Structure formats: structure tokens, C-alpha cells
Amino acid sequence: MRFDRSKVLLLVAVFAFAVSAAAGTIYSQPYDGSGNLYASQNDIGGLGNFATAYDDFTLTGNPGGWQVTDIHWTGGYFNPGGPGNITNFTLDFYNNSSGIPGSLIQSFTTGNNANESCSGNICTYSAVLAGGGLTLQNGVNYWLSIEPDMAFPPQWGWATSGVGNDGGYQCFSGTCGGLGVNFAFDLTGNPASTTPEPGTLVLLGTGLLGALGVMRRKMNL
């Protein structure tokens, strides 16, 4: 029995692609369709950062941690309804501090309206995190806040989800507290420790070729 070297090389390429294409949804709290919105906004018209909404999350399933690369979320307009002119979103990740948002880990900005797509007053958004995103540990509780830069009126609010631990939190005009709700967002990314560097893929491919070469010699004896 003989091996076709071109097929072996194709097998190595397919293996490398499968490893590098592992990106997908690593956390999900889908929108519940209720229309409920909780204020989170930096009013560039004068009020400033009068409201910020937060929600906590824990990534599980990979002991080596996770590389978060993208965020998708749902929000909308009220007081009154209708679209506003969002010029930027700030997406902040925090450590947990005794059940509330703690120290800031990393802040990202979109510089635009984050691919806003609306149906009535409810809109979906998405953003790729700059610099490849951030690495978060497995099994550790973190917090996320989302707020647009937009003149009031109208108000912008983060939409709710039926999934989560009801840990939603909000600071409004200097008063902070738990809301007993979940907010709608998804995180996309990769297992942090299972995506080999290019050099590692070369070694894997070389090792696979070597192993197949040994098998070929043995089978030709």
C-alpha cells in the first residue's frame, strides 16, 4: 500500500484550518423579545454619563481560558422612541468585586454606531474588539458594561434576556444598585490555549508527515 504525498499535505492543511477556525459563540444571553430597556448612555448634549448598565458573566468549558474577540448585543430607544444618532459605543470589562462591578480590566470603543440595525425601537449591534480582544480566565465571574455616546433625547437602553443569573446592575444619576434582570449579549471568541501559533502548526504538520512516513515504511516491508 502506498500513500499519495499530495493527499497527506492536504490532510495537514485541513487539520491546520480546523484548529485555526475554532472561533464561535462562547457565551450567550439572547434577547427575550420583551421590549424592556434599561438606560445606559453618555449624553454628549450636556448630561454626560448619567446612566451605565452592567451585567455579569462566567465563561466555562476550557481550563486554559478564552480569547474574546467580538460582542453582539441588543438595545433600543425610548423617552421618546425612534432612532438616535450614536457616534460611539464604549464596551468595558471589569473584575467582580463581591457581587458588583470592580476594577476595570479593559475598555474598547467602536468609533461608530456598531453596525446598528433596527426594527422599530429595538436594535441589534456588533463590534470586533481592537487588538485581537482580551483574554479572560475560565470559571471566573466578570462584568460587562455597554453605553453609547448619544445626545438626549431620546434615551438608549440595553435590552433584557431570559438567560442569566438576574445579576444586572445599573448606576443612574449617581445611584447604583441591582436590577434583578439579565441583559442581552453574546461573546464570540476562541479557546485561549488551543489555537496553536503558526510555528506550532508547522511542527504538527511535520510530525504528522513523519508518522505517516513511518507507517508507509512499515507497511511496505
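**Close-up 1. Strands β6 and β7 run side by side in the antiparallel sense.** Welcome to this predicted model! Strand β6 covers residues 88-97, strand β7 covers residues 100-109, and seven bridges pair the two. To get your bearings, find N96 and then look across to P101 in β7, which stands opposite. How many residues lie between the strands of this hairpin? There are two, and S98 takes a positive phi near 55° in the hairpin. As you follow a strand, keep a general rule in mind: in a regular strand the side chains alternate between the two faces of the sheet.

**Close-up 2. The largest nonpolar core brings together 32 residues.** Which residues have the most contacts inside this core? They are F57, W73, F93 and W156, so these four are good places to begin looking. Strand β5, residues 66-78, supplies the largest share of the core, with five residues. Here is some background for this view: in soluble globular proteins, nonpolar side chains tend to be buried together.

**Close-up 3. A second core, separate from the largest one, has five residues.** Among its members are Y54, W143, Y169 and C171. Keep an eye on C171, as this cysteine is also part of a disulfide with C176.

**Close-up 4. C118 and C123 are joined by a disulfide.** The sulfur atoms of C118 and C123 are 2.0 Å apart. Why is this disulfide called right-handed? The torsion about the S-S bond of C118 and C123 is about 100°, and therefore the link is right-handed. Now compare the surroundings of the two partners. C118 counts as partly exposed because its relative accessibility is 40%. C123 has 0% relative accessibility, so this cysteine counts as buried.

**Close-up 5. C171 and C176 form another disulfide.** In this pair the sulfur atoms are 2.0 Å apart. The link of C171 and C176 is right-handed, with 110° about the S-S bond. Is C171 buried or exposed? With 16% relative accessibility, C171 counts as buried, because the cut-off for buried is under 20%. Its partner C176 has 40% relative accessibility and so counts as partly exposed.

**Close-up 6. The whole structure holds two disulfides.** Step back from the single links and trace the chain from one cysteine to the next. What pattern do the disulfides follow? Counting the bonded cysteines along the protein chain gives 1-2, 3-4. You have already met both links: C118 with C123, and C171 with C176.

Notes. Residues are numbered from 1 along each chain as its sequence is written. This is a predicted model: local features need pLDDT of at least 70, side-chain atom pairs count only at pLDDT 80 or more; totals for chains, interfaces and linings use all residues. Side-chain values use heavy atoms; hydrogens and water are left out. A nonpolar core is a set of buried Ala, Val, Leu, Ile, Met, Phe, Trp, Tyr and Cys residues joined through side-chain atoms within 4.5 Å. Buried means under 20% relative accessible area, exposed over 50%, partly exposed in between (1.4 Å probe, protein chains only). Helices (H or I, at least four residues) and strands (E, at least two) are DSSP runs, numbered from the N terminus. Two strands pair if DSSP finds at least two bridges between them. A disulfide is a pair of cysteine sulfur atoms within 2.5 Å.
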